[in-house]
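Here are some exercises to work through with the model open beside you. Try each task before you read its solution.

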Amino acid sequence: MAGSHISFKLLSCFSFMKSKNDPPIREFSNSYNPISVINFHGALYRVEINGYQLLFDLQGRIRWIVPLRSNLWPGPESAIRRTLCNNWLLYDSSEYYGIFELVGRYYIPVPLYGNISPFLPENQQNEQIREMSYLLDLVDQAADRYGFMGIDQLKRDATSLLKIIKGTVPVLPPDTIHVDYDLLPLLVTRGCLYNCSFCTVKTGTDIEYVDDHDLNVQIDGIRNYAGKDIANFNSVFLGQNDALAAGTVRILEAASKAFSSFRPEASLIRGSNLFMFGSVTSFLAEGTAKLKELDSLPFERIFINLGLESFHQKTLERIGKPVSSQDVEKAFYTGLELCSRTDSLHISFNFLLGQHLPGEHLELLFKRLSHIEGDNGNCSVYISPLQEESWRIGQLRRTVYTLKAASRLPLYLYLIVPL
Ligand code: SF4
């Protein structure tokens, strides 16, 4: 099992209420630095059952299901992950070559339900969903034995989280793969400014701003929800699809309160991270001077992800994104400048890939990404394939590798993963 050890002294600081009948707590890695196998983090209860290792968080929610024998699904290099909102992901690291270059990790997380992923043919996905029912039975057996949450209770638990934040988290920023999607959500806005026609994760509702009372109730609720497992979180996601629309002042306030309450710096995992999405409009409305103030937050790294989609006006019109190509350019170059002038800000830009988009879209993207000057160390690019198109994985990979070779910024494929 991979993972560096956390000192028992540190673990005991969190005074877990471990009873005699609990399974052992296993200490895993205290760093999200990528290693060449699927890695687990923090402190988790470990149960072995029918050839599987089940890892439960410190509140008794299943987090990982890992086969211990090569003849068991999903295979020795893969694992099943449950997210806080009860989504199930297959972490596939069976294919080693070129995966890190493609996604920035040595595995590909694939949602097991919902949208068909280009990484998982439909018939294979259906088969895997059938295999899941056996694993869910194992979770129930272990839960019965140790008083952890069974499958029905986990569904209710996820619903209770959504009630606390009064919304959903349909998609996480691509940078959150750097913390393996381990984060606590806090909504400072709900809805989308644009509800772009191409987008499969839009809320379909107008933007709504969270007031003080709502914010405080969420923070207290999430702190209680995390319980003892707060020790396993060093990251916060400010949602929903456009947190930046709340404005810098509101973000500073919400992030500071979250930092004081969740204490990510005291987690079992090193560092502390804040993630959020921004739109072209909200990013430009704030401007460099205000956004620089985010650098003063106590989080070690602050990630802002901007959905720019295209530098090409006709492409923006085709995909139903109501922004101008001039504003996209402005947001891109403002983001580069901001990264070069701040320490903790990391800005990433999303661009679309579509088989039927105008050729000029890709041409302009190549041109802009290959002609960047200066030090933009904390900026990166994510390429997002249009979801409604069926992709041949080889073709997708080749295009991403070609863009990557031309880009002066680190560039990866955006994997759409919900919380
Ligand atoms: S692309 Fe962003 S702004 Fe547009 S609908 Fe989707 S989440 Fe909302």
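Four exercises follow, each with a worked solution.

This is a predicted model, in which local features need pLDDT of at least 70, side-chain atom pairs count only at pLDDT 80 or more, and totals for chains, interfaces and linings use all residues. Numbering starts from 1 along each chain, as its sequence is written.

**Exercise 1.** Work out the strand order of the open sheet that has antiparallel pairing, and find its edges.

*Solution.* Start with the strands, which are DSSP runs (E, at least two residues; helices are H or I, at least four), numbered from the N terminus. Strands pair if DSSP finds at least two bridges between them. The order is β1-β2-β3-β4-β5-β6-β7, seven strands in an open sheet. β1 (25-27) and β7 (108-111) each have a single partner strand, so one side of each is left without a neighbour in the sheet. From one strand to the next, the twist averages 30°. Now zoom in on β1: three bridges join it to β2 (residues 43-49), and R26 stands opposite L44 in β2.

**Exercise 2.** Trace the open sheet that has parallel pairing.

*Solution.* Its seven strands follow the order β8-β11-β12-β13-β14-β15-β16. The edge strands, pairing on one side only, are β8 (184-187) and β16 (411-413). Here the twist averages 25° from one strand to the next. Inside the sheet, β14 (residues 345-353) and β15 (residues 379-385) share seven bridges, and F349 has V381 of β15 as its bridge partner.

**Exercise 3.** Describe how α7 and α9 pack.

*Solution.* First, take the axes (lines fitted to C-alpha atoms, for helices over the stretch in contact; angles run from 0 to 180 degrees between N-to-C directions). α7 (residues 280-292) and α9 (residues 325-341) have axes 10 Å apart, at an angle of about 25°. The helices are therefore roughly parallel to each other (a label for angles under 35 degrees; over 145 is roughly antiparallel, 65 to 115 roughly perpendicular and the rest oblique). Next, list the contact (C-beta atoms, placed from the backbone, within 7 Å): among its residues are F283 and L291 of α7 and V328 and L338 of α9. Finally, α9 also lies across β13 (301-309), β14 and β15, at about 150° to β14.

**Exercise 4.** Find which residues surround the ligand.

*Solution.* Look for residues whose C-beta atom, placed from the backbone, lies within 6 Å of the ligand. They are C192, L193, Y194, N195, C196, C199, V201, K202, N241, S279 and G307.

Notes
Contact = placed C-beta atoms within 7 Å.
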